[in-house]
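Good morning, and thank you for making time for this item. I would ask you to look at the sequence and the structure together while I speak.

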Amino acid sequence: MSYISCENLAVGYEGQAVASGISFSVEKGDYLCILGENGSGKSTLMKTILGLQEPLSGEIKRGDGLQKGEIGYLPQQTVVQKDFPASVQEIVRSGVLGRSKFRPFYTKEEKQLAKENMERMDILDLAGKCYRDLSGGQQQRVLLARAMCATRKVLLLDEPVTGLDPHVTAELYQVIEKLNKEGVTIIMISHDIESAITYGSKILHIGRKNFFGTTEEYKNSKIGKYYLEQEEKEVCKH
């Protein structure tokens with residue numbers, strides 16, 4: 001059974017749908033990229049998948065043993081979050097709080113898990129540093145390590161490379177790809193179609209017409225060809 005299955009979903013706020021007719025499934029090991037123009041409802045869909053808000057209609061099912069609290073989440077960073085005055089170690093360890101039932105301390109196993117995930121993200125040497133003093137790329141690695149403390153199964157990433165320079169962007173995509181190859185299922189919102197079809201195994205495109213299928217199917221679809229053409233034109237302009 002799929003980790004996540006959505007059938008004819010409508011998402012939005014106060015009864016007003018921002019996206020509707022959404023159907024897709026996420027299997028173990030998938031790398032699903034969610035595409036769509038600004039305001040198409042991508043982040044709203046992600047919040048609905050996380051259970052932070054209810055769907056307006058349709059159904060979301062979780063299966064294959066996936067529990068609500070077993071989804072790691074990397075949201076878009078705000079200016080306030082970037083200036084957060086805590087150590088790297090404190091932030092990474094806080095990833096276990098969702099399952100620690102509000103204990104006032106971390107267990108030995110939880111501390112070890114945080115250490116392992118800092119090692120995975122190559123930031124163990126930054127453990128004592130203040131988060132606000134790190135570069136954008138380092139901060140994203142810290143937040144990925146934190147999300148990995150919340151889950152070993154599914155990671156939801158909301159435009160994780162926004163604001164990063166091309167070199168750091170490429171590095172972060174490689175880190176995410178490595179996690180996927182290690183067995184972590186990835187669901188990523190992206191505005192970067194080229195990278196989505198490079199790394200993703202499946203594409204969900206939300207808009208006036210929705211699309212869900214493999215990356216290859218997307219590249220050969222009407223909607224995929226149209227948006228790839230538009231992106232190419234933008235690249236040529238610059």
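With which side chain does the side chain of Asp158 make a polar contact? Before I answer, please note that this is a predicted model. The partner is Ser43, whose side chain makes a polar contact of 3.0 Å with the side chain of Asp158.

Let me place that residue. Asp158 is found in strand β6. Asp158 is buried yet has no salt bridge. The nearest side chain of opposite charge is that of Lys47, 6.7 Å away. A salt bridge requires the nitrogen to lie within 4 Å of the carboxyl oxygen, so the 6.7 Å separating Asp158 from Lys47 does not qualify. Leaving aside neighbours within four places in sequence, Asp158 is in contact with Ser43, Met46, Tyr73, Leu74, Pro75, Gln76 and Ile189.

I turn next to helix α1. This helix covers residues 42–49, and 6 of its 8 residues are buried, so helix α1 is largely enclosed by the rest of the structure. The buried residues are Lys42, Thr44, Leu45, Met46, Thr48 and Ile49. One of them, Met46, is also among the contacts of Asp158. Just after α1, Gly51 takes a positive phi of about 85°.

I now come to the charged pairs. Side chains of opposite charge can pair when their charged atoms come close. How many salt bridges does the structure hold? The count is 7, and I shall discuss some of them.

Glu70 forms a salt bridge with Lys153, and the closest N and O atoms are 3.4 Å apart. This pair links distant parts of the chain, with the two positions 83 residues apart in numbering. Glu70 lies in the loop between β4 (57–62) and β5 (71–74), whereas Lys153 lies in the loop between α5 (136–150) and β6 (154–158). Both ends reach the partly exposed class: Glu70 has a relative accessible area of 24%, and Lys153 has 23% relative accessibility.

Another pair joins Arg120 to Glu182, with the closest N and O atoms 2.6 Å apart. Here too distant parts of the chain are linked: Arg120 belongs to helix α4 (residues 108–120), while Glu182 sits in the loop between α6 (166–181) and β7 (185–189), 62 residues apart. Arg120 is partly exposed at 33% relative accessibility, and Glu182 is partly exposed with a relative accessible area of 41%.

Glu182 also forms a salt bridge with Lys178, the closest N and O atoms being 2.9 Å apart. Lys178 is partly exposed, at a relative accessible area of 48%. Arg120, Lys178 and Glu182 are thus linked in a network of salt bridges.

Finally, the cysteines. Why does a search of the whole structure find 0 disulfides? The sulfur of Cys130 has its closest cysteine sulfur in Cys149, 19 Å away, and that is too far for a bond. A disulfide would need the two sulfur atoms within 2.5 Å. The surroundings of these two residues may also be stated: Cys130 is partly exposed, with a relative accessible area of 23%, whereas Cys149 is buried at 0% relative accessibility.

To close, I return to the opening question: Asp158 is buried without a salt bridge, and its side chain makes a polar contact with that of Ser43. Thank you; I am glad to take comments.

Conventions
Residues are numbered from 1 along each chain as its sequence is written. This is a predicted model: local features need pLDDT of at least 70, side-chain atom pairs count only at pLDDT 80 or more; totals for chains, interfaces and linings use all residues. Side-chain values use heavy atoms; hydrogens and water are left out. Helices (H or I, at least four residues) and strands (E, at least two) are DSSP runs, numbered from the N terminus. Buried means under 20% relative accessible area, exposed over 50%, partly exposed in between (1.4 Å probe, protein chains only). Lys and Arg count as positive and Asp and Glu as negative; His and the chain ends are not counted. A polar contact is a pair of N or O atoms within 3.5 Å; within protein, one must be able to donate a hydrogen and the other to accept it, and residues adjacent in sequence count only if both atoms are side-chain atoms. Contact means heavy atoms within 4.5 Å.
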